[in-house]
2 protein chains.
Amino acid sequence: MEMLMPDQKLRNMLQERGLKATSQRMIILDYLMSHKTHPTAEMIHADLQSISLATVYNTLEKLIETGLVVVIDVNDDKRHFDYYGKPHYHIINQETHEIIDANNFDVQPLIDAARKASGLNISGYHIELYGIDPKDAK
Amino acid sequence: MEMLMPDQKLRNMLQERGLKATSQRMIILDYLMSHKTHPTAEMIHADLQSISLATVYNTLEKLIETGLVVVIDVNDDKRHFDYYGKPHYHIINQETHEIIDANNFDVQPLIDAARKASGLNISGYHIELYGIDPKDAK
DNA sequence: CTCGATTTTAGAATCATTCTAATATAATAA
DNA sequence: TTATTATATTAGAATGATTCTAAAATCGAG
């Protein structure tokens, strides 16, 4: 199980957020940081066979709570997960379900507007745009 | 079953989008247009008892396909549905699951950015921001 | 090193959503 | 109108992603 991130860095990322640095959590976090495939829980479990599916779900929940990971809704009845290193949003091809990470838009004004509209402290967000390839137009 | 929208208007909205104007579809569309409660399929079914749950789901699917309705992801394991009359985005209180419709942000620049980043024609989007009441800060 | 709190785990359970296939209906043409 | 046909509705069964359970393992503070 090659760690692509240094062990100590993963440990720190978890502990800084109040999470115990278990080997399973480090492996899953490393997996998400080093894959751009936006996997489902089942895909992560399939690749990391030594880790139970329940732990994959439990870990993802903790990583989401602490902001390290976000969920992407692809409209395929399963949640996809994405390491949230830098602010970005998602563009989803409605036909192929391909997911594109994009960051050519500053979300801060949207966050400010939401705080103003709601009075809440914004702790996270989902931005997903769905698109169709012009080549596929009927 | 009081129709709050004129019957003919509902009929036209459906037919303009290539959907047969069945009584069930008119009732469900009217329900969504006249409620700001962001109901789940089960809630709609409970209120409109004469319409089967399968039809509620089938109809919602059609209304989503044609852009009349959008899905809101509240993180409570059920989809919530919202009539999409005017462009808006959603702010969700993470503790109470309350949903706020907000429109104090112009989404067109985001749509333009997404088209530029992906080359796709953007056909829809989800914008959801999650927030915590400052009064509940620990 | 100890110990308690937390985490992991396999398998069972849940339940929102989809599917099935039989019946009913809307929209079109005669 | 009425006939025709594609489409929609329905009850109930099936699906499957996710959550739950409770027993065993492990982290990390002291």
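1. Starting with the backbone of chain B: in this predicted model, a polar backbone atom of Arg79(B) sits 3.0 Å from a phosphate oxygen of DNA strand C. Chain B also reaches this strand through a side chain, with a polar atom of Gln15(B) at 2.7 Å from a phosphate oxygen. From chain A, Ser52(A) comes in with a polar backbone atom, 3.2 Å from a phosphate oxygen of strand C. As for which elements supply at least two residues to the surface near this strand, they are helix 2 (23-34) and helix 4 (53-65) from chain A, plus helix 1 (7-16) and helix 4 (53-65) from chain B.

2. Zooming out on strand C, 21 residues surround it, and the closest ones are Thr22(A), Gln24(A), Thr55(A), Gln15(B) and Tyr57(B). If you look at the DNA side, 78% of the strand C atoms that come within 4 Å of the protein are sugar and phosphate. By residue class, the surface near strand C has eight charged, seven polar and six nonpolar members.

3. Now DNA strand D. An N or O atom in the Tyr57(A) side chain is 2.5 Å from a phosphate oxygen of this strand. Ser52(B) uses a backbone N or O atom, which lies 3.2 Å from a phosphate oxygen of strand D. Lys20(B) goes for another kind of atom: a polar side-chain atom of this lysine is 3.3 Å from a sugar or linking oxygen. Two or more residues apiece come from helix 1 (7-16) and helix 4 of chain A, and from helix 2 (23-34) and helix 4 of chain B.

4. Strand D has 21 residues around it, with Gln15(A), Tyr57(A), Thr22(B), Gln24(B) and Thr55(B) coming nearest. Sugar or phosphate makes up 78% of the strand D atoms within 4 Å of the protein, and bases make up the rest. The residues lining this surface split into six nonpolar, seven polar and eight charged.

5. One packing detail inside chain B. Helix 1 and helix 2 of chain B pack at about 100°, and their axes are 10 Å apart. That angle is why helix 1 of chain B counts as roughly perpendicular to helix 2 of chain B, the range for that label being 65 to 115 degrees.

6. Who meets whom there? Helix 1 of chain B brings Asp7(B), Leu10(B), Arg11(B), Met13(B) and Leu14(B), while helix 2 of chain B answers with Arg25(B), Met26(B), Leu29(B), Asp30(B) and Met33(B). Sorted by class, the residues of this helix 1 to helix 2 contact are six nonpolar and four charged, with no polar ones.

Definitions and conventions
Residues numbered from 1 in each chain as written. Chains lettered and ligands numbered in written order. Predicted model: local features only at pLDDT ≥ 70, side-chain atom pairs only at ≥ 80, totals over all residues. Heavy atoms only, no water. Near = heavy atom within 4 Å. Polar contact = N/O pair within 3.5 Å; in protein donor to acceptor, adjacent residues only side chain to side chain. Helix = DSSP H or I, 4+ residues; strand = E, 2+ residues; numbered from the N terminus. Nonpolar A, V, L, I, M, F, W, Y, C, P; charged D, E, K, R; others polar. Axes fitted to C-alpha atoms, helices over the stretch in contact; angles between N-to-C directions. Parallel < 35°, antiparallel > 145°, perpendicular 65-115°, else oblique. Contact = heavy atoms within 4.5 Å.
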